[in-house]
Amino acid sequence: MKNKNYYAVLMAGGVGSRFWPISTSDYPKQFHDMLGAGETLIQKTFKRLNKFVPTENILILTNERYNELVLEQLPLVKQDQVVLEPAMRNTAPCILYAALKIQKMNPNGVMIVAPSDHWIEDEEAFADNVKLCFEKCEREDVLCTLGITPSFPNTGFGYIEFEKNSDEVLKKVHQFREKPDYETAKEFLAQGNFLWNAGIFMWGVKTIVDSFKEYQPSQYGLFEAGFSCYNTPEETDFIKENYPKAENVSIDYAILERSTSIYVLPATFDWNDLGTWGSLFDKLDKDENGNAVVNSRVLAEDASGNMIRSPKDKIVVIDGLNDYIIVDKEEVLLIYPKSKEQDIKKVLVRVKEAFGDKHG
């Protein structure tokens, strides 16, 4: 039996512009089968959470423009489970909004906030880790997060510094640290009490709402004023009028960096945020030439280390190209060095300026 007090908030509003040209503002990466596995990222995430969270207790947080995509890809989800943001306001406002909706449904609820586009292989370990945090959140007024043990000095993630001398399974968080430069990241790894911030959070709904009341009183006041409307037909009008007034602020800055009651569990599962073509390359099986291939039929000569994606069964012939991203999609062909993958966002801006918004 699934615990009726367990809730999940699946974050599905991002654009994933580093995965251009597959991921676009009209059809972002979470709605694509990025791994060539037969399921989109949001479908895989929903199934992972649904193993221990009741179907009706999973909310999908997304932008209004993706409403139909969510309902199409997640047929078990009803319209009232899709929480629509009428304006882009970062993660704090939408998490508070979802928490108040859940609090009205069930004041004893505990919730996980999870991105819809991460790769997690050992789903049983993931469920065990989350439930361990849920149990702590049910016993104590604490906020919990999952941290990933660093495998190299990554400068693309934020880090969580925990108290070094703790023998507890869940470690008290000392502070959240911004994305470091390479030398600082090396120092973090050498110290041994730093984890990657995976952006996966768990807390009791009362605890997170009270945290907003303490640390973000104006934000709390704005959304709490609509409490009587939540989960009723009046909710839409209230949110359309008031959501755009919310401050554009992340949950990290609004709450996590201020709270003194945060615990981190070093995750026992493999994790990848699938943030770039390079991170996808790392997770895919490689052919005999060391190329990662999605959908394509590839003939490669003196070509290795490439990330290759095309429409289903398209023949791709490559000679003399190494460590490139090669993505063919309808009107766009991208051939770009993997070493410069962080610049794809800038390339997208230039493409829009040169050829119009319809390509991004």
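This report describes one open sheet and one cavity in a predicted model.

Residues are numbered from 1 along each chain as its sequence is written, and side-chain values use heavy atoms, without hydrogens and water. Because the model is predicted, local features need pLDDT of at least 70 and side-chain atom pairs count only at pLDDT 80 or more, while totals for chains, interfaces and linings use all residues.

**The sheet**

Four strands (DSSP runs of E, at least two residues, numbered from the N terminus) form an open, mixed sheet in the order β12-β14-β16-β17. Two strands pair if DSSP finds at least two bridges between them. At the edges, β12 and β17 each pair on one side only. Strands β16 and β17 pair in the antiparallel sense over six bridges. Aspartate 328 has leucine 333, in β17, as its bridge partner.

| Strand | Residues |
|---|---|
| β12 | 292–294 |
| β16 | 324–329 |
| β17 | 332–337 |

**The cavity**

On a 1 Å grid over the protein atoms alone, a cavity is a set of points where a 1.4 Å probe fits but cannot get out; lining residues have an atom within 4 Å of a point. The search of the whole structure finds one cavity of 30 Å³ or more. The largest cavity has a volume (the space filled by probe spheres set on the points, which are joined across faces, edges and corners) of about 50 Å³. Its lining includes Thr45, Arg48, His118 and Phe126. The largest share of this lining, three residues, comes from α1, a helix (a DSSP run of H or I, at least four residues) that spans 41–50.

Methods
1 Å grid on protein atoms, 1.4 Å probe; cavity = no way out; pocket = protein on both sides within 12 Å on 5 of 7 lines; lining within 4 Å.
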